[in-house]
Every structure is written in structure tokens, then in C-alpha cells.
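Let's talk through a few of the labels one might put on a protein fold, and what stands behind each of them.

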Amino acid sequence: MTGELHHLTIAEGARLIGRGELSPVEWTERLLERIDAVDPLLDSFITVTGDQALTQARRADEEIREGNHRGPLHGVPFALKDVIDTAGIRTTAASKICVDRVPVRDAAVVRRLTSAGATLLGKLTTHEFAQGGPSFDLPWPPARNPWDRRRFTGSTSSGAGAAVAAGLTPAALGTDQGGSVRHPAAHCGLVGLKPTNGLVSRVGAIPNSYSFDCVGPMTWTVEDCAIVLQAIAGHDPEDPGSADVTIPDYPAALTGDVRGMKVGLVRHFHDSDVETNAEVKAGVERAAQVLGDLGAEVHDVRLPSPAEFAACQWTITCAELNAVHEDNLRHRLEDFGENTRYRLVPGAMTGAVDYIQAQRLRRDLIRRIDAVFEDVDVLLTATVPVLAPLIEDMKLSSIFASRGGMNMAFSVGGGPAVSVCCGFSEEGLPLSLQIAGRPFDDTAVLKLAHAYEQATPWRDRRPPIETNEQIEGAKVSHG
Amino acid sequence: MDDKVSRSEIAALVKWAGMELSEAQFDQLCEAYPHAQRMIDSVPRDQPRWDELANVFEFPPEDAEQ
């Protein structure tokens with residue numbers, strides 16, 4: 001296999017492996033070569049685990065040849081946001097504070113993926129401790145958006161967004177407490193799922209916000225997202241927030257038939273509540289039309305405003321972040337990057353009553369979302385109201401903008417929300433659609449997202465990162 | 001900086017939080033704090049007193065029965 005091997009999806013690769021037409025070693029080697037050639041342009045990886053990946057791939061090869069095929073992730077490469085612990089491999093949170101931190105134990109999600117036979121390519125950059133925005137004063141530079149390397153990848157699973165879009169890995173795990181899987185998925189044009197809170201274990205993921213933290217898959221297609229979710233979902237008694245619920249067959253639900261599904265279009269988010277780019281608005285409206293043409297019943301619904309969700313999410317997160325980082329804020333403040341300090345330090349002033357009032361507001365907001373879900377199966381919004389901005393145009397204070405409330409609505413609500421690409425702007429930047437569902441109805445959001453994806457051509461277009469000139473230039477600059 | 005909170009009041013908050021800031025860090029906090037305060041101030045304080053915290057999720061009935 002040559003050519004577009006780096007753009008194989010999990011499902012495609014698994015089929016080829018199953019038929020003996022592709023070996024896990026061949027796939028892994030090709031991706032490691034591509035990381036070597038392309039990542040100097042993107043800075044998406046903090047650590048590449050090439051030797052370990054090849055060892056795992058050889059083991060997968062042997063097992064599959066011996067007839068012990070574990071399933072659709074056997075021999076499939078993946079990468080992890082560097083806040084997810086890996087035994088014997090440094091896990092840094094992109095912070096000077098954790099620069100030499102080497103966990104002794106894999107995170108629960110890593111154990112699940114490696115049990116399924118997947119092959120770890122490495123650890124992906126993030127905004128420091130999954131907070132803030134792109135920073136140039138951390139031990140590693142910020143990831144670049146493969147669609148335009150001058151632009152922001154989205155916060156905060158930034159390396160994951162860049163690496164999946166650029167074909168450096170077919171899958172990554174990110175973490176999401178206010179949009180940190182969905183936001184980079186949106187700006188990088190891929191699929192990113194924040195699962196229902198409690199569906200996927202957080203054990204071994206560096207905490208950020210106890211109330212909202214989720215681990216979620218980032219992939220090129222919805223089918224791949226469902227395959228990864230299938231492997232990582234499930235009760236974990238070590239995680240006090242883990243739910244003991246029956247796990248459905250997510251890939252089997254992707255039938256393409258969404259006739260009669262009730263879809264609530266939260267039009268007021270992009271029409272009046274949040275200043276929204278015209279191309280983003282048009283993308284969401286076209287997507288609603290496509291879903292209607294597929295037989296879904298689309299009608300307008302109203303949620304509380306994104307500003308309410310943002311205030312609730314922000315206040316809770318700031319207080320919880322302070323609890324996570326209190327010792328380092330008091331004793332190693334200089335070791336945080338400026339962007340992180342800009343958020344953490346004012347957050348440390350959050351009072352107990354502020355936190356409690358925000359938690360009370362959360363219950364009220366959940367109640368109001370639940371009321372809307374009495375009449376619809378899923379909700380539709382833009383994922384982000386803007387196109388990926390230029391990194392040089394981003395201000396520190398942008399982290400306080402309430403426009404993130406489109407994502408935060410479903411972090412506060414706790415249900416599943418997936419971001420999928422819904423087209424491209426005139427200048428070739430991805431547009432995105434967010435589909436949200438009732439808690440533990442992750443199947444519904446994946447089913448609708450998959451039907452939409454199948455009905456549209458957006459998966460055929462990849463970032464223009466791979467001209468020979470760029471790749472050769474990158475090779476030269478890295479010796 | 002928003003004049004709602006003075007530098008001396010922010011200094012008191014820093015002390016309460018147990019942090020020591022350099023002058024540059026303190027200046028930056030004074031710039032950032034009004035943004036944070038606006039967020040916190042927009043959390044309503046007029047909720048009925050019996051409204052409890054959102055500490056747990058209510059499971060869908062079909063899951064609760066399993």
C-alpha cells in the first residue's frame with residue numbers, strides 16, 4: 001500500500017487488515033514517516049512513541065496472522081492528548097510544571113484501546129493543562145491548523161485536531177470540559193464527540209473541571225468516532241462520576257435512516273444571541289435543509305442563551321481549576337504560561353457562594369434543556385460562530401468571550417454533543433455543525449451525524465498541507 | 001480597568017487566595033479580573049432557596065430500570 005495510506009479511516013484500514021491487504025506494521029510505519037515529514041509544519045505532537053508503536057504493530061500483525069483478530073481497532077494507530085496518562089511515557093499537559101512527569105499507569109481509556117489492539121503513535125499537544133489558548137511561552141509551540149497554518153486549531157485538544165486533519169493519525173482522544181474536543185474538531189474540519197458525562201472513564205486524565213471533564217474521540221468520520229467510542233465507553237468503578245449503564249452497539253446504529261427523527265434547530269443561537277459569521281450561519285441552515293431532505297422533522301426550538309451557559313460553565317470551572325492547581329498557583333506561579341495564568345489567577349478569586357450559585361444555575365439550565373428534549377430527539381447548532389482566527393489576532397481576553405456558550409450549553413447539560421464538518425468557507429476553512437442529544441443517547445447524535453455526513457461531500461476534501469515543497473522544506477529545516 | 005473593583009481590593013483578593021504576584025502579574029490580573037467578574041456577576045442570585053446544586057444527573061427511566 002502507498003499513496004493515500006495516511007488518509008485511511010479506521011473502518012477502511014480495519015477492512016484491509018481483515019482481508020490481509022494491509023499490515024498494522026505497514027500502516028504504522030507510513031504514519032510515523034508522515035509525522036516525521038509533516039509535523040514540523042504543524043507542531044501537533046509533543047512525544048512520538050515510534051519504537052513502542054512498531055512493537056505494538058508487530059504484535060498485532062502476529063496475533064492477526066495467528067487468527068486472533070480482536071476487532072476493528074486491532075492494529076489501528078491512534079494518538080492521545082497529552083493530558084491522558086501513559087505508563088512509562090511522559091504526560092506533560094504541555095506545561096513546564098509537568099515537563100518530566102512520567103506516569104506509572106495508563107489511563108483507563110488507554111487500557112481499553114490497547115486491549116482492543118490499537119497502536120499508540122504518541123502524545124499530542126494541548127493548551128497548557130487543557131486551558132486557555134495558543135501560547136508561545138510553553139516548552140512546546142502551539143499546534144497549527146492544517147487548513148491554514150497561520151490559524152488557530154481551536155481549544156484545547158489542539159494537537160489532536162491538527163493531527164487527525166493532516167492524516168498523521170486516524171484517531172485521537174481529546175478531553176472536553178467546555179468544548180475542547182468539539183472546538184478543534186470544528187476548526188480542523190473533523191468529527192469530535194463529547195460523550196455523555198459518565199459514559200467514558202476519566203481515570204488517568206489530568207483533571208480540569210470535575211463537573212464537566214469528558215474524554216472523547218476525534219476522527220475523520222462519524223463511523224470511526226462510533227468505533228472508538230465503542231471501545232472506550234463503559235462503567236469504571238474507579239471513576240466516581242462513571243455511570244453503570246448498558247452500552248449500545250454504536251456502529252450498528254449508523255443506518256443512514258433518520259426518517260422521522262425530530263430535530264430541534266436552535267436558530268436563535270446564531271441568529272440573534274451570538275455574533276455569527278455569515279458563512280457559518282449559511283452552513284448550519286443548509287445542513288438543516290439536508291436533514292429535512294433525509295426525512296428528519298426539523299423545527300425551531302429555544303434554549304437559554306449561550307451567555308447563561310457560559311457564565312455557569314465558566315464560574316464552576318474556575319473554582320474547580322483552582323482546587324486542582326491551588327498548590328502550584330501558590331508556589332510555582334511563574335512556571336505557568338501567561339495564557340494559563342490569565343485565566344487561572346482571576347479564577348482563584350471565585351468564592352464558594354459564586355460556585356454554589358453556578359451549580360444551582362446548572363440544575364436550572366439542565367431542567368430547561370430537558371424540557372426541550374421532550375419534543376425533539378436531537379438539537380442542532382453551529383459548533384463555533386466564527387471561522388478559525390489567525391493566531392496573531394487572538395487576545396488573552398478572548399477566553400472570557402461568551403461565544404463559547406454554543407459548546408458549553410451541552411457541557412452544562414451533560415448530554416452528548418458531536419461536531420461535524422458542514423462545508424467550507426470561501427477561503428477554504430471548515431464550517432461546523434453541532435448535534436446534541438439527551439444524556440446517554442449518544443447513539444442518536446452519531447446516527448444523525450452519520451446520515452448527514454453520508455449525504456454530503458465534505459469528507460472528500462483534505463487540508464492542503466502536503467505539497468512536496470512543504471514536506472521537503474520541513475525535512476530540510478529539521479535536518 | 002473596570003472601576004467597580006479597585007487595585008487595593010484585588011490585592012486583598014490575591015492575599016485571600018494565598019498567592020504572591022509580581023508587579024507585572026498583578027497588573028495583568030487587574031486587566032483580567034473585570035472580565036472574570038462580569039462572568040461571575042451574570043450568574044443569577046435570585047433562585048428559589050430550595051433550588052439545589054447540580055451534583056448528579058437524573059438517569060433516563062429505561063436506564064434506571066436496568
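Q: How do you know how much of the contact set in chain A links residues far along the sequence?
A: In this predicted model, take the contacts in chain A with a separation of 6 or more: residues 24 or more positions apart account for 79% of them. A contact here means heavy atoms within 4.5 Å.

Q: What makes up the secondary structure of chain A?
A: Chain A has 15 helices and 11 strands. A run needs at least four residues to be a helix and at least two to be a strand.

Q: Why is chain A called as compact as a globular protein of that length?
A: Its radius of gyration is 21 Å, and the globule rule gives 23 Å for 479 residues; the two are close, so the description fits. Along the principal axes, the C-alpha trace of chain A spans about 60 × 55 × 45 Å.

Q: What share of the residues in chain A is called buried?
A: The cut-off is under 20% relative accessible area, and 66% of the 479 residues in chain A are buried. As for the accessible surface of chain A, about 16100 Å² in total, 47% belongs to carbon and sulfur atoms.

Q: What makes up the contact between chain A and chain B?
A: Chain A brings 41 residues and chain B brings 39. Between them the chains bury about 3500 Å², with 62% of that on carbon and sulfur atoms. On the chain A side, Met349(A), Arg360(A) and Arg363(A) lose the most area to chain B, together 22% of what that side buries.

Note on methods:
Residues numbered from 1 in each chain as written. Chains lettered and ligands numbered in written order. Predicted model: local features only at pLDDT ≥ 70, side-chain atom pairs only at ≥ 80, totals over all residues. Heavy atoms only, no water. Rg over C-alpha atoms; globule rule 2.2 N^0.38 Å. Buried < 20%, exposed > 50% of the residue type's maximum accessible area, 1.4 Å probe, protein only. Areas by Shrake-Rupley, 256 points an atom, 1.4 Å probe, with all protein chains shown as cover. Buried area = accessible area lost by both parts, 1.4 Å probe.
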